[in-house]
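Thank you all for coming; I would like to take a few minutes to walk through one protein model, starting from a single helix and working outwards. Please have the sequence and the structure open while I talk.

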Amino acid sequence: MGPIWDTLYGNSTKVQAIQADLDLNKMTTITDTKPYVARSTINHKLSVAPMLDWTDKHSRYFYRLMTQHTVLYTEMVTTGAILRGKGDYLSYNDAEHPLVLQLGGSDVKAMTECAKIAEQYGYDEININVGCPSDRVQNGRFGACLMAEPSLVAECVNQMQSATNIPVTVKSRIGIDDLDSYEFLHTFIEEVSKADCRHFIIHARKAWLTGLSPKQNRDVPPLDYDRVYQIKNDFKDLEISINGGIKTFSEANEHLQHIDGVMIGREVYNSPYMLADADNEIYQSSSAKLSRSEVIDLMVPYIDETIASGGRAWHILRHMLGLCNGLSGARKFRQHLSECAGKDGASGQVLLDAFNKVTLP
Ligand SMILES: Cc1cc2nc3c(=O)[nH]c(=O)nc-3n(C[C@H](O)[C@H](O)[C@H](O)COP(=O)(O)O)c2cc1C
């Protein structure tokens, strides 16, 4: 674990000491000649779902301040972006581990090349997106439509794992369109697990590849948790995580009676401070829980450093709108951030000013 966690959850609880330990410029980039260091196996009991435009490196940094153990996923990054894109889509802050790169693609050579690059960057695992239903993704022959091509997914996993030393996992749905029988899902898991994929995250809702937008397809058709439990029952040696519609850690702990891991997406994004309870409630760790005020004290220098290196306050603060949900003044907090964080010259001070509008219990 990095120095941030030694300090946060070690002997010292002083925010000033934490700040001294935060190496805000220590971003991992492809130019780092960082040798791969084998990491201990990730504990997948809880993870924050990959969410395009939402789980970027800024929100992940913010989440990591609140939870040491929860596994974080990048947004989906396509092989095309990595191999041909102009930006550096893979950089992250070392504090973010345990961290999984989610890849979108299905060209075996490109996927393998990207897996090697991801390993050089120091990602702990790579996850293949077999769950996104969008038209654009289907046109590129990846995402949920790959559920109909288990041998291609297996070939990707096989080649990617042969070329690297990090695990390759798959995030899928329970089915697509009319291919929604239990047998269909069973065959998919069986074929891909033969390529030695040991961890599947299953969004317990089938994907409609036509007629629904990806947004609509996150709420309909209904969730079927039993189907995911059945997979765990039939593949006891595999690690199976469940995803979809989970809102609280007591719900998560219920699922964990049947399953190995729980992945939460929208609820974390909308109410991120729930993560401050994750280590205690899910991982039964006795580490100190950070107050909102401590989280803010740690985010202010991060925001200012990001601005100093060319970023904007809004890039970070847009992910923090829900931090004070449930407190008196939460609406004013959100309003202040929305109105002020995008202005020229906005800095970490905007966050402090917004927090002054909240009444702590
Ligand atoms: C804004 C947004 C973007 C998403 N982007 C991705 C993505 O890049 N890759 C992926 O596998 N799933 C993506 N998803 C789906 C989530 O990972 C998750 O499966 C879904 O939201 C259901 O979980 P939840 O009910 O806990 O939110 C996205 C969801 C949202 C809300």
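**One helix and its surroundings**

In helix α9, which spans residues 225-234, the buried residues are Arg 227, Val 228 and Ile 231, where buried means that 20 or more other C-beta atoms lie within 10 Å of a residue's own, exposed means 12 or fewer, and partly exposed is in between, with C-beta atoms placed from the backbone. These three sit on the same side of α9, because they cover an arc of only 100° around the axis, the arc being that of the directions from the helix axis to the C-beta atoms. As general background, an α-helix has 3.6 residues a turn, so residues three or four places apart point the same way. On the face of α9 turned away from the buried side we find the exposed residues Asp 226 and Asn 233.

Before I go further, please keep in mind that this is a predicted model, in which local features need pLDDT of at least 70 and side-chain atom pairs count only at pLDDT 80 or more, while totals for chains, interfaces and linings use all residues. Residues are numbered from 1 along each chain as its sequence is written.

What do the buried residues of α9 pack against? They pack against α8 (182-194), β8 (199-203) and β9 (239-243), with a contact taken as two C-beta atoms, placed from the backbone, within 7 Å. The helices and strands I name are DSSP runs, H or I of at least four residues for helices and E of at least two for strands, numbered from the N terminus.

Let me turn to the strands. β8 and β9 pair in the parallel sense over five bridges, pairing being called when DSSP finds at least two bridges between two strands, and His 199 stands opposite Glu 239 in β9. The chain passes from β8 through α9 to β9, and this β-α-β crossover is right-handed, in that, with the strands pointing away from the viewer, the path from the first strand over the helix to the second runs clockwise. β9 is largely enclosed by the rest of the structure, because four of its five residues are buried.

On to β10, residues 261-264, which pairs with β9 in the parallel sense over three bridges, with Gly 261 as the bridge partner of Ser 241. Here too there is a right-handed β-α-β unit, made by β9, helix α10 (residues 249-255) and β10. β10 also pairs with strand β2 (residues 46-48), again in the parallel sense over three bridges, and there Met 263 is the bridge partner of Ser 47. Both faces of β10 are covered, since Gly 261 and Met 263 on one side and Val 262 and Ile 264 on the other are all buried.

Finally, the wider picture. The protein chain has 16 helices and 10 strands, and of its 361 residues 44% count as buried. The largest nonpolar core has 97 residues, and among those touching the most other members are Ile 126, Val 157 and Leu 351; such a core is a set of buried Ala, Val, Leu, Ile, Met, Phe, Trp, Tyr and Cys residues joined through C-beta atoms within 7 Å. Helix α13 (residues 292-308) supplies the largest share of this core, six residues.
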